[in-house]
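Please read the following note with the sequence and the 3D view open. The points are numbered so that each can be checked in turn.

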Amino acid sequence: MANLLSVNNLHKSFGALQATDDLKLNVETGTIHGLIGPNGAGKTTAINQLSGELFADSGTILFDGENITRWPIYKRAQFGLQRSYQITSLFPEFSVLDNVAIAIQATDGHSFRFWGKARKDKSLIDPAMAVLEQVGMDHLAHTPATDLAHGQQRQLELAMTLATKPKMLLLDEPMAGMGKSESHSMMEVLRPLKGKITILMVEHDMDVVFALADHVSVLVRGHCLVTGTPDEVRAHPDVRAAYLGEE
Amino acid sequence: MITRIRSVQIVTLLILFSLPFIATAMNQPFWVDLSTRILIYAIAAMSLDIILGYGGMVSLGHAMFLGIGAYSVGILTHHSFEGSAVPFLPGEWTGSMSGLVHLPASILASSLLGLIIGLLSLRTVGVYFIMITLAFAQMMFYFMISLPTYGGEDGLNVWGRSEIPGLDLSDSVTFYFVCLMLLLAFWFIARRLVDSRFGGVLRGCKQNEQRLKALGYNTMRYKLIAFTIAGAGAGLAGGLLANLNEFVGPGIMHWTKSGELIVMVLLGGMGTLIGPIFGSAALLLLEEILSAYTEHWMIVLGPILLLVVLFARRGIYGFLAGEGAKDG
């Protein structure tokens, strides 16, 4: 299968700290790819370079046939590379529906429309409701985002990224801070995406990663130690030594 | 059913429409001019509310646009009066006395300035943005002071109000209603603007700009357009102010004026558009009444502002109209 995302020789340092060290990573179209590694391995730094929040010092990022290494974040997002954040990032004063609607608006050409009332715009509200039904949050549509429970906020953020119909999702610890049942319902939202949207997922919960991912890469000190199927990775001696063995 | 917010709006409109007649009936023509001043500053404060209340951009240089708008009228009138050519423009155009030239010129000049200054200052956020807008405004302030052609520090007399066919602006009641119409028109446009798709992006900028970028919005462009529109609104107010005072001085763009505009927005209700009308009225009336007793009238203003900011987050308007003030 073709690679949707391919990262080559990526380097990023903060002063003396080599946060990303010659990172090579390929993500096949339509797969869920897990990115694991001990604390400080540079997982979030890698995600930030892929999404455009940080620029790499050297190396290239190819996405869907384009070299996006120097693209600003909004351009990557428009091109179909969307992300979620480790710390939930929403529009707290907006209702759940408005949060999703503004995500849909982002894909609907430019927003230099100064006159029509956005809140009465069927072409935003109808697809937004459809996305909320997909993640099972339609009954919360008119609740302000700030009033949601933590798990619901995480789910809303995912819904926003899905609403843009991305080619690929970068999920930075989608289950962070979630309880067992919340994390379970998040799994149920993610599982059906398999084969439809390519996902690169950083996650600490190993059960989640090994249950969902087609491939797993292990990151240690900014470097990709090994990539393989969950079974291969689990069995790999270096991984056991560097990572799983520590716990 | 008439909601609380609607009744506040209707009463406000009734007061605004009847004020000049009440003042005339009570033989207090001075009150007409004071009310006109309130309307003009309301336009300026409302324009600031678009970027401050909705976009979260704290500009401490907004009076600069007020000044540019005012000087546009002053300069065009000056050249028309002298019969000399307006510099930097092609041909030998000797200015104009027409309001149909003056006010568009005020709007054009201030939005052009807004575009340039926005382009430079919107690269920064937070306290740096406050500082850079302040710096630009002070630059313009000293620039006008150092231009002897236009009166320098002494300012420029505006010889007569703008001429609009069929309207006599030198009649204070007529001028009041022209200002009122422009205020209502600006409010209507601003209301549509903040409720539009563009407005949604602008509100999003205030809450979480990073999220907007990650969704695919080039937020800089949206902020720049909002900044330019706000500049245009303040420019219009400046053009009217030059007419009201029949004078333009650099004091109009001193940074304390920018501060006053922020106070008006906070006092009246930030992010409500209508609030700044109340803010403008409250501040100018306080000044008018208190300055009769003491020149240190700000001593009273300070605690009032403090109380409003602490206990009434949507300002006077929020206090009157209740919960719905946000959407009004």
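1. A residue counts as buried under 20% relative accessible area, as exposed over 50%, and as partly exposed in between. By that scale A:Lys24, at 43% relative accessibility, is partly exposed. Please keep in mind that this is a predicted model.

2. A:Lys24 has a charged partner. Its side chain meets that of A:Asp22 in a salt bridge, with N to O at 3.2 Å. A:Asp22 is also partly exposed, because its relative accessible area of 23% lies between the two cut-offs. In general, side chains of opposite charge can pair when their charged atoms come close. Over all chains, the structure holds 17 salt bridges.

3. Another pair in chain A sits within a helix. A:Asp231 and A:Arg234 form a salt bridge whose closest N and O atoms are 3.5 Å apart. Both residues belong to helix H8 (residues 230-235) of chain A, where they are three residues apart, about one turn of the helix. A:Asp231 is exposed, with a relative accessible area of 56%, while A:Arg234 is partly exposed at 37%.

4. Chain B offers a pair with the same kind of label but its own setting. B:Lys257 and B:Glu260 form a salt bridge, the closest N and O atoms being 3.7 Å apart. These residues are separated by about one helical turn, because they are three residues apart in helix H9 (residues 255-268) of chain B. Is B:Glu260 buried or exposed? B:Glu260 is buried, with a relative accessible area of 17%. Salt bridges can also share partners: A:Glu53, A:Arg83 and A:Asp172 are joined into one network in this way.

5. Now chain B as a whole. Chain B has 12 helices and two strands. From the N terminus on, its elements run α-α-α-α-α-β-α-α-α-β-α-α-α-α. The radius of gyration of chain B is 19 Å, close to the 20 Å that the globule rule gives for 328 residues, so chain B is as compact as a globular protein of that length. Its C-alpha atoms fill a box of roughly 55 × 50 × 40 Å along the principal axes.

6. Of the 328 residues of chain B, 56% count as buried. Contacts in chain B between residues at least 6 apart in sequence include many between distant positions: 76% of them join residues at least 24 apart.

7. B:Arg161 is worth a look as a charged residue inside chain B. Its place is in the loop between strand S1 (156-157) and helix H6 (172-195) of chain B. Is B:Arg161 buried or exposed? B:Arg161 is buried, because its relative accessible area of 11% is under the 20% cut-off.

8. What does the side chain of B:Arg161 reach at 3.2 Å? It reaches the backbone oxygen of B:Leu244. A polar contact of 3.5 Å also joins the side chains of B:Arg161 and B:Glu246. Beyond four places in sequence, the residues that B:Arg161 touches include B:Met97, B:Phe175 and B:Asn243.

9. Next, the interface. In chain B, 27 residues are in contact with 37 residues of chain A. The area buried between the two chains is about 3,000 Å², of which carbon and sulfur atoms give 57%. On the side of chain B, B:Arg197, B:Arg211 and B:Leu215 lose the most area to chain A, together 29% of what that side buries.

10. Across this interface there are three salt bridges. One side-chain pair that meets in a salt bridge is A:Asp121 and B:Arg197, at 2.9 Å from N to O. There are also 21 residue pairs in polar contact across the interface, both residues at pLDDT 80 or more. The elements of chain B that give two or more residues to the side touching chain A are H6, helix H7 (197-215) and helix H8 (219-245). H7(B) gives the most, with 14 residues. By class, that side has 11 nonpolar, eight polar and eight charged residues.

11. Finally, a residue on the chain A side. A:Ser84 lies in strand S6 (residues 81-84) of chain A. At 5% relative accessibility, A:Ser84 counts as buried. Leaving aside neighbours within four places in sequence, its contacts include A:Glu157, A:Asp172 and B:Arg211.

Technical notes:
Residues are numbered from 1 along each chain as its sequence is written. Chains are lettered from A and ligands numbered from 1 in the order in which they are written. This is a predicted model: local features need pLDDT of at least 70, side-chain atom pairs count only at pLDDT 80 or more; totals for chains, interfaces and linings use all residues. Side-chain values use heavy atoms; hydrogens and water are left out. Helices (H or I, at least four residues) and strands (E, at least two) are DSSP runs, numbered from the N terminus. Buried means under 20% relative accessible area, exposed over 50%, partly exposed in between (1.4 Å probe, protein chains only). A polar contact is a pair of N or O atoms within 3.5 Å; within protein, one must be able to donate a hydrogen and the other to accept it, and residues adjacent in sequence count only if both atoms are side-chain atoms. Contact means heavy atoms within 4.5 Å. Buried area is the accessible area (1.4 Å probe) that two parts lose on being put together, summed over both. A salt bridge is a side-chain nitrogen of Lys or Arg within 4 Å of a carboxyl oxygen of Asp or Glu. Ala, Val, Leu, Ile, Met, Phe, Trp, Tyr, Cys and Pro count as nonpolar, Asp, Glu, Lys and Arg as charged, and the others, Gly among them, as polar. The radius of gyration is taken over C-alpha atoms; the globule rule is 2.2 Å times the number of residues to the power 0.38.
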